[in-house]
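Visitor: I would like to hear the reasoning behind the labels. Please show me the structure, then let me ask.

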Amino acid sequence: MISFKSRFDKKYLSDGLKAHFKIKLKLIKYLPLVGIGYFVLFIAISLIGNKTISLSTLDVVMIVACIIFPYLYYYLNTINFKNNSLYGKELNWEVSSEFIRGSNESLEFKVRWRDIREVYKLGNGIIIYPSKNNYYWFPKSDFENENLFSEIMEYVKSNEVKNVVKN
């Protein structure tokens, strides 16, 4: 059994949310490029055709929404995390070949490996999905040594959980 502690703080939440974005919300990070590309397309059409093309209100809303949405989404999720009752507290994790258990003075939860959907090993941690958008983030910095990080991945393989290694 592997035991370690994570501090549920701003860095923990930020790194976990970035990992979640990288894995599950890939398209959101490209939305600003879509908005800028949309705007450049209008300028290019106007320059090539020597015509004045005016942007409609819908066009302006789409461009601004595409540019702002990823930042707004990230900001709102950060606020939700900070309002969580666990914020600022320490979580005690136990990972065994059968389950993952998280606990502190007011909470305890346990998930069996057979109920885990996916696990992703990233360069700075492991993100575990027990459901489609719910995840547990294990930052590499919380492990005492590299062997514990690898041992968790062995549990993943032995329980035949879908896993992917990403950098």
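Guide: What follows is a set of questions and answers on this predicted model.

Visitor: How many aromatic pairs does a search of the whole structure find?
Guide: The search finds 13 aromatic pairs. F21 and Y74 form one of them.

Visitor: What makes F21 and Y74 a pair, and which kind is it?
Guide: Their ring centres lie 6.0 Å apart. The limit is 6.5 Å, so the rings pair. Their planes stand at 85 degrees. Over 60 counts as edge-to-face, so that is the label.

Visitor: Where do F21 and Y74 sit in the chain?
Guide: F21 is in helix α1 (residues 10-24) and Y74 in helix α3 (residues 57-82). They are 53 residues apart, so the pair links distant parts of the chain.

Visitor: Is F21 buried or exposed?
Guide: F21 has a relative accessible area of 13%. Buried means under 20%, so F21 is buried. Y74 stands at 25%. That falls between 20% and 50%, so Y74 counts as partly exposed.

Visitor: Why is the pair of F109 and Y136 called stacked?
Guide: The planes are at 20 degrees, and under 30 counts as stacked. The centres are 5.4 Å apart, within the 6.5 Å limit. F109 belongs to strand β4 (residues 108-112) and Y136 to strand β7 (residues 136-139). The two are 27 residues apart. Y136 is buried, at 11% relative accessible area. Both F109 and Y136 also belong to an aromatic cluster with F4, W93, F138 and F143.

Visitor: How do you know that K24 lies over the face of Y129?
Guide: K24 is 4.8 Å from the ring centre. The distance limit is 6 Å, and the direction must also fall within 35 degrees of the ring normal. K24 is listed as lying over the face of Y129. K110 lies over the face of F99 in the same sense, at 4.4 Å from the ring centre.

Visitor: Which residues have the most contacts inside the largest nonpolar core?
Guide: V95, W113, V119, I127, I128, F138 and I152 do, in a core of 39 residues. Elements giving two or more residues to this core include β1 (2-7), β2 (90-95) and α4 (146-158). V95 touches, among others, F4, W113, F138 and I152. In soluble globular proteins, nonpolar side chains tend to be buried together.

Visitor: Why is β6 called largely enclosed by the rest of the structure?
Guide: Five of the five residues of β6 are buried, so the label follows. G125, I127 and Y129 point one way, I126 and I128 the other. In a regular strand the side chains alternate between the two faces of the sheet.

Visitor: What makes β5 and β6 paired strands?
Guide: Pairing needs at least two bridges. β5 and β6 have five, in the antiparallel sense. E118 is bridged to Y129 of β6. A hairpin of two residues joins the strands. β6 and β7 also run antiparallel, with four bridges, and a hairpin of six residues joins them.

Visitor: Why is one side of β1 and of β4 left without a neighbour in the sheet?
Guide: The open sheet has the order β1-β2-β3-β4, with antiparallel pairing. β1 and β4 stand at the edges with a single partner strand each, so one side of each has no neighbour there. β1 is joined to β2 by six bridges, and N92 is the bridge partner of K5. α4 lies across β1 and β2, at about 115 degrees to β1.

Technical notes: Residues are numbered from 1 along each chain as its sequence is written. This is a predicted model: local features need pLDDT of at least 70, side-chain atom pairs count only at pLDDT 80 or more; totals for chains, interfaces and linings use all residues. Side-chain values use heavy atoms; hydrogens and water are left out. Buried means under 20% relative accessible area, exposed over 50%, partly exposed in between (1.4 Å probe, protein chains only). A nonpolar core is a set of buried Ala, Val, Leu, Ile, Met, Phe, Trp, Tyr and Cys residues joined through side-chain atoms within 4.5 Å. Contact means heavy atoms within 4.5 Å. Axes are lines fitted to C-alpha atoms, for helices over the stretch in contact, and angles run from 0 to 180 degrees between N-to-C directions. Lists of a residue's contacts leave out its neighbours within four places in sequence.
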